[in-house]
Amino acid sequence: MDEVFPELTEDVIARMKNGEPRLREVVTLLVRHLHAFAREASLTQDEWRAGIDFLTRTGQKCSESRQEFILLSDILGVSMLVDAIANQAGHGVTESTVLGPFYAGPQRELNKGDTILLREENGAPLVMKGRIANESGVSIVGAKVEVWQTAINQLYDVQDHDQPRGHLRATFRTDERGEYEFKTVLPVSYPIPSDGPAGQLLQRLGRHPFRPAHVHFMISAPKYRTLVTHLFLAGDKYLESDAVFGVKPSLIVRPERNNHVHMVKYDFGLAWG
Ligand code: BEZ
Ligand code: FE
């Protein structure tokens with residue numbers, strides 16, 4: 001079948017010829033793909049209106065504490081794709097994954113070995129420790145290690161007024177051997193916020209909103225590329241179907257158990273900046 005209205009696409013693109021170079025390059029590709037999408041799907045006017053209505057509701061759901069567009073990008077795999085383009089992990093470099101919407105900015109600094117809990121949790125105690133090194137395996141002293149996770153009720157402190165602010169999140173610095181260590185509880189799987197347009201889309205597409213249990217890490221040091229990643233627990237039933245496609249096999253850990261305390265030892269590698 002002949003392409004519908006091809007000269008329209010070329011006209012839209014030609015009108016950007018005086019635009020800023022990178023913006024023009026990106027918007028040209030966006031227009032080409034959007035037009036190709038409309039043609040290939042034989043998009044009806046009702047469907048296009050429904051799409052615009054969906055994006056409108058997505059914007060309306062956004063607030064200081066809620067970023068529905070990031071959730072949408074996450075559940076469509078775009079966040080992981082953009083992350084993969086930016087952060088190629090070579091030899092000695094830990095793989096990255098999504099930041100997610102629950103990183104809450106600067107968090108309290110604790111000392112090596114401290115607990116990140118600000119209240120008791122009815123979960124199994126977990127110690128996480130290891131070394132931060134560069135691509136050549138040389139320890140990085142004083143690297144900033146930021147960690148965060150949900151409570152056993154499947155909520156982050158920023159989602160739950162009953163939790164003390166800063167509960168289950170903290171910042172550590174690696175010691176003179178490049179090592180970090182902290183105490184926490186075994187993380188649990190949890191649903192991403194699904195009471196908005198992204199959640200409705202998941203439901204209508206026959207998908208669940210769950211993420212497998214994980215602890216978030218953001219590791220930074222001068223002259224190195226900041227590493228944003230998670231460690232996932234082996235055996236979680238959502239590892240194969242993470243709602244945001246964030247799981248990579250190299251990030252799955254199996255805690256060792258010593259009496260009632262679990263321990264994860266994991267070394268991270270940072271790329272040169
Ligand atoms: C998270 O792991 O915190 C997260 C990531 C993407 C979307 C929602 C939550
Ligand atoms: Fe998370």
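Student: With which residue does K61 form a salt bridge, and how far apart are the closest N and O atoms?

Tutor: Check the nitrogen-to-carboxyl-oxygen distance against the cut-off, within 4 Å. In this predicted model, K61 pairs with D195, and their closest N and O atoms are 3.8 Å apart. The pair counts because the rule asks for within 4 Å and the distance is 3.8 Å.

Student: How many salt bridges does the rule find across the interface of domain 1 and domain 2?

Tutor: Two. Polar contacts are counted by residue pair: three between domain 1 and domain 2, with both residues at pLDDT 80 or more.

Student: Which helices supply at least two residues each to the side of domain 1 that touches domain 2?

Tutor: α3 (45-61) and α4 (68-75). Of the elements on that side, α3 gives the most, with four residues. By class, the residues there divide into four charged, three nonpolar and one polar.

Student: Where do the two domains begin and end?

Tutor: The domain assignment puts domain 1 at 6-72 and domain 2 at 90-270. Their C-alpha centres lie 34 Å apart. For contact, count residues on each side: eight in domain 1 meet ten in domain 2.

Student: What area is buried between domain 1 and domain 2, and what share do carbon and sulfur atoms give?

Tutor: About 820 Å², with 68% from carbon and sulfur atoms. Then ask which residues lose the most. In domain 1 these are F54, R66 and L71, which together account for 48% of what that side buries.

Definitions and conventions:
Residues are numbered from 1 along each chain as its sequence is written. Chains are lettered from A and ligands numbered from 1 in the order in which they are written. This is a predicted model: local features need pLDDT of at least 70, side-chain atom pairs count only at pLDDT 80 or more; totals for chains, interfaces and linings use all residues. Side-chain values use heavy atoms; hydrogens and water are left out. Domain bounds come from an automatic or database domain assignment. Contact means heavy atoms within 4.5 Å. Buried area is the accessible area (1.4 Å probe) that two parts lose on being put together, summed over both. A salt bridge is a side-chain nitrogen of Lys or Arg within 4 Å of a carboxyl oxygen of Asp or Glu. A polar contact is a pair of N or O atoms within 3.5 Å; within protein, one must be able to donate a hydrogen and the other to accept it, and residues adjacent in sequence count only if both atoms are side-chain atoms. Ala, Val, Leu, Ile, Met, Phe, Trp, Tyr, Cys and Pro count as nonpolar, Asp, Glu, Lys and Arg as charged, and the others, Gly among them, as polar.
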